[in-house]
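Visitor: I'm new to reading protein structures. Could you walk me through this one, a piece at a time?

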Amino acid sequence: MSASTPPVFSATDHLHMARALRLAERGAWTTRPNPMVGCVVAHGEEVVGEGWHVRAGEPHAEVLALQAAAGRAKGATAYVTLEPCAHTGRTGPCAHALIDAGVGRVVAAMRDPFPQVDGAGFDALREAGIEVASGLMEPQARALNRGFLSRIERGRPWVRVKLATSLDGRSALASGDSKWISCEASRADVMRWRARAGAIVTGAGTVLADDPALTVRLGDGETDRDFVPPLRVVLDPGLATTARGRVREGDAPTLYIHAPDAKATRGMSAQAAAVEVRAGRFDLHAVLRVLAERQVNEVQVEAGATLAGGFMEAGLVDELLLYVAPVLLGPEARPMFGGLDIDSMTQRMQLKIVETRRVGEDLRLLLQPVAAPA
């Protein structure tokens with residue numbers, strides 16, 4: 001089959017790739033900054049080995065699947081959710097491992113845009129005489145690794161804004177009190193989303209008003225699940241919050257992003273980075289570049305209306321995670337987003353509903369902005 005001929009995939013191919021994608025997703029809380037990858041080695045319908053990448057620096061999915069298959073990998077088809085790497089990093093090249101194992105065919109969901117891979121893995125396999133087919137269930141594979149792909153292709157993390165709201169679209173009382181709009185089940189659900197985020201971002205105002213810990217706290221029955229603690233990021237122009245707050249406690253790392261002329265508190269041990277401030281507001285594009293440089297794939301913004309509105313106004317929100325509680329807070333309560341200058345219906349921000357789910361007494365909506373027509 002030539003590289004230009006669209007591959008034809010069988011029902012068995014789809015079955016094994018679906019399994020590989022489910023395996024890959026097991027690494028959602030642990031693989032970062034690496035992508036999530038799953039691999040299935042099979043002879044026809046018979047699976048002889050499978051594996052998934054657990055943690056950066058540990059064996060990749062292909063290596064684990066080949067180890068499980070042992071001698072039965074020879075002549076088999078390897079189904080992998082991302083192009084096998086062809087370079088040596090903290091682990092050896094997976095393309096060479098597949099070649100050495102003698103597999104006859106490799107089916108990949110998608111090409112890896114990481115510069116050190118980006119087709120080199122496929123080239124190495126083809127040069128060794130292995131049949132390569134790519135593109136099977138690619139939309140699902142891209143959705144799985146949306147954060148990694150965002151960082152590599154756009155130079156910034158995937159941004160998810162999490163908000164709890166009343167039925168009348170309010171995120172807090174006029175006093176700022178928001179504990180608790182959402183139910184206990186929703187707050188537990190948020191922890192699972194935090195666990196997959198590379199960073200949780202908030203503002204100085206939220207730290208001063210609510211004193212959040214911004215840590216992952218799993219409930220009973222989940223405490224044995226492994227996760228990498230996300231970086232806690234406080235946008236604090238004048239470093240006014242560094243001397244206090246639970247955001248500095250515990251094992252999770254903390255990063256303060258501040259204005260260039262801010263003076264650090266004596267003895268501050270947390271990480272810090274300077275970002276330009278214009279008219280009292282951070283350049284949020286620059287904030288995300290700082291996080292991308294720290295290999296953050298997914299950002300979860302948990303902040304008040306001003307910062308949430310700032311991300312939305314800047315066109316930087318990729319996903320909105322909204323917990324709608326069956327309560328009313330009244331017209332004096334605070335809105336979900338501040339600073340959105342919308343004066344006519346033609347300026348409205350259109351969102352598409354990706355998923356709806358009942359969580360306890362609340363309704364969880366996952367939404368994505370719809371790009372305005374050119």
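Visitor: In which loop is A279 found?

Guide: Sure, and keep in mind that this is a predicted model. A279 has a phi near 55°, a positive value in a residue other than glycine. Its relative accessible area is 84%, so A279 counts as exposed. As for its place, look in the loop between strand 12 (277-278) and strand 13 (281-282).

Visitor: Is D211 buried, partly exposed or exposed?

Guide: Here's another residue other than glycine with a positive phi, this time near 50°. You'll find D211 in the loop between helix 8 (204-210) and strand 9 (231-235). Anything under 20% is buried and anything over 50% is exposed. D211 has a relative accessible area of 24%, so the label is partly exposed.

Visitor: Why would anyone point out a positive phi or a cis peptide bond?

Guide: It's about what you'd expect from residues in general. They get pointed out because most residues other than glycine have a negative phi, and most peptide bonds are trans.

Visitor: What is omega near for the peptide bond from R32 to P33?

Guide: First find P33, in the loop between helix 1 (11-25) and strand 1 (38-43). The bond leading into P33 from R32 is cis, and its omega is near 10°.

Visitor: How many residues apart in sequence are the parts that R160 and E298 tie together?

Guide: The side chains of R160 and E298 meet in a salt bridge, 3.1 Å from N to O. R160 sits in strand 6 (residues 158-165) and E298 in strand 14 (residues 298-301), so the parts they tie together are 138 residues apart.

Visitor: And are R160 and E298 buried or exposed?

Guide: The cut-off for buried is under 20% relative accessible area. R160 comes in at 0%, and E298 at 3%. Both values fall under that cut-off, so R160 and E298 are buried.

Visitor: How far apart are the closest N and O atoms of R194 and E302?

Guide: R194 and E302 form another salt bridge. This pair links distant parts of the chain, with R194 in helix 7 (residues 184-196) and E302 in the loop between strand 14 and helix 10 (305-313). R194 is buried, and so is E302. Their closest N and O atoms are apart by 2.8 Å.

Visitor: Which residues do salt bridges that share partners join into one network?

Guide: The whole structure holds 23 salt bridges. Where they share partners, they join these residues into one network: R146, R160, R196, E298 and E319.

Visitor: Which residues lie nearest the centre of the largest cavity?

Guide: That cavity has about 130 Å³ of space. Its lining has five nonpolar, six polar and four charged residues, and the largest share, three residues, comes from helix 6 (residues 146-154). Of the 15 lining residues, the ones nearest the centre are R32, M36, R196, N297 and E298.

Visitor: Stepping back, what is the radius of gyration of the chain?

Guide: The chain has 10 helices and 18 strands. The globule rule gives 21 Å for 374 residues, and the chain comes close to that, so it is as compact as a globular protein of that length. Its own radius of gyration is 23 Å.

Visitor: What percentage of the 374 residues is buried?

Guide: Along its principal axes, the C-alpha trace spans about 65 × 50 × 45 Å. Of the 374 residues in the chain, the buried ones make up 51%.

Note on methods: Residues numbered from 1 in each chain as written. Predicted model: local features only at pLDDT ≥ 70, side-chain atom pairs only at ≥ 80, totals over all residues. Heavy atoms only, no water. Salt bridge = Lys/Arg side-chain N within 4 Å of Asp/Glu carboxyl O. Helix = DSSP H or I, 4+ residues; strand = E, 2+ residues; numbered from the N terminus. Buried < 20%, exposed > 50% of the residue type's maximum accessible area, 1.4 Å probe, protein only. 1 Å grid on protein atoms, 1.4 Å probe; cavity = no way out; pocket = protein on both sides within 12 Å on 5 of 7 lines; lining within 4 Å. Points joined across faces, edges and corners; volume = space filled by probe spheres on them. Nonpolar A, V, L, I, M, F, W, Y, C, P; charged D, E, K, R; others polar. Rg over C-alpha atoms; globule rule 2.2 N^0.38 Å.
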